[in-house]
Amino acid sequence: MKRPVVLKALGGAAALVLAAGCSSEDASPGSASPGSARERPGAAPPSSVSAPASPSATAPATAGVTVAGTLTEGLKSPWGLAELPGGDLLVSSRDERTITRIDGRTGTRTPLGEVPGVVPGGEGGLLGLAFRDGRVYAYLTAASDNRIVRMAYGGGAGDRLGPPEPVLTGIPKGFTHNGGRIAFGPDGMLYAGTGETGRTGLAQDRGSLGGKVLRMTPEGRPAPGNPFPDSVVYSYGHRNVQGLAWDADGRLWAAEFGQNTWDELNLIAAGRNYGWPEAEGRSGREGFTDPVAQWPTSEASPSGIAYAKGAIWMAGLRGERLWRVPLSGAERSGEPEAFLRGDHGRLRTVLAAGGDRLWLVTSETDTRGTPGPGDDRILRLRVG
């Protein structure tokens with residue numbers, strides 16, 4: 001385990017390109033082609049791009065990151081991460097189809113078992129996790145589709161998962177671009193980021209669940225206030241969404257993999273079209289919503305994101321770094337900064353742990369990395 005160290009941000013034009021964008025998981029720059037293997041969380045719905053900035057939410061232009069230690073190591077293909085009441089964590093293994101409980105203080109691991117019906121392959125398998133009201137929600141790849149299920153956990157059953165109950169089925173699946181992040185929003189609704197599976201036309205097809213941000217009740221029905229009648233589709237025109245987070249004012253942000261050019265951080269608003277495949281990154285075209293920040297695909301390939309200390313923190317796979325995007329309301333308040341560059345390899349998931357604390361999950365055992373002794377890990381971070 002590395003000693004705790006405070007790292008300064010990477011500067012210069014090479015660390016950032018302004019505007020908006022997204023990235024891929026490919027190990028070699030410029031290797032993607034359409035459909036190639038670039039993968040890149042009672043109240044009102046999240047407010048739109050026009051929401052006023054809150055002075056209290058303005059982040060300082062620069063910050064630091066302290067790696068405070070390793071919670072646990074030796075994880076295989078970790079993907080989803082969810083916090084339980086009391087601070088323990090649940091982590092999914094994409095390829096082994098298992099969920100493990102991890103003590104949030106000691107790192108002690110308790111296997112909860114294999115989730116039935118998961119069919120791993122390529123970028124598919126047991127993906128995002130969420131927890132609400134005694135149930136574990138999981139986004140998984142099944143034999144015919146991607147789907148969201150929920151399983152009873154805790155209470156009288158102890159450390160056992162109940163049988164999976166379908167919440168939402170029929171999300172397109174593919175060898176690549178399966179999306180997979182799920183999270184409950186401040187409105188109590190369940191959100192999911194999906195991919196277009198390499199079939200680019202699905203992103204613009206509002207009748208398809210692929211290439212979308214979805215919003216639904218905990219039972220999987222279209223959430224009240226959704227923009228399209230009788231539909232769980234909340235926004236569309238996405239290539240592959242693997243990061244979801246809400247800021248202090250309830251705005252929804254999403255990270256998205258690009259193809260060859262731009263990875264994106266988008267501010268998500270109901271009914272908006274984010275352009276893919278007609279636009280990758282900032283286009284300025286009428287009818288499309290441009291990203292708030294964008295990066296060359298070699299510098300990001302964003303998966304999970306989290307909000308803490310007035311900024312979005314974005315885990316980079318191919319970029320092997322943690323990006324900080326300072327916010328002032330619905331806009332950036334400064335240039336994105338890169339931390340941990342190459343220190344821990346590919347970074348898959350980041351989860352807010354309260355105050356200035358983050359959990360960060362590495363991703364060297366996902367078939368795209370170069371695993372070493374102890375991979376993969378969950379790291380404790382302090383950010384400012």
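**A tour of the strands**

Select Tyr 191 to begin: Tyr 191 stands opposite Arg 215 in β14. This is a predicted model, in which local features need pLDDT of at least 70, side-chain atom pairs count only at pLDDT 80 or more, and totals for chains, interfaces and linings use all residues. Residues are numbered from 1 along each chain as its sequence is written, and side-chain values use heavy atoms, with hydrogens and water left out.

Next, select residues 190–193, strand β13, together with residues 212–216, strand β14; the two pair in the antiparallel sense over four bridges. Strands here are DSSP runs (E, at least two residues), numbered from the N terminus, and two strands pair if DSSP finds at least two bridges between them.

Widen the selection to the open sheet of four strands, in the order β12-β13-β14-β15, with antiparallel pairing. At the edges are β12 (182–184) and β15 (233–236), each of which pairs on one side only. On average, neighbouring strands of this sheet are turned by 20° against each other, direction ignored; the axes are lines fitted to C-alpha atoms.

Move to residues 65–72, strand β3, where six of the eight residues are buried (under 20% relative accessible area, 1.4 Å probe, protein chains only). Add residues 378–383, strand β27, which pairs with β3 in the antiparallel sense over six bridges. Within this pair, Thr 66 stands opposite Arg 382 in β27.

Finally, show the whole protein chain. It has zero helices (H or I runs of at least four residues) and 27 strands. Of its 384 residues, 61% are buried.

Note on methods: Axes are lines fitted to C-alpha atoms, for helices over the stretch in contact, and angles run from 0 to 180 degrees between N-to-C directions. Buried means under 20% relative accessible area, exposed over 50%, partly exposed in between (1.4 Å probe, protein chains only).
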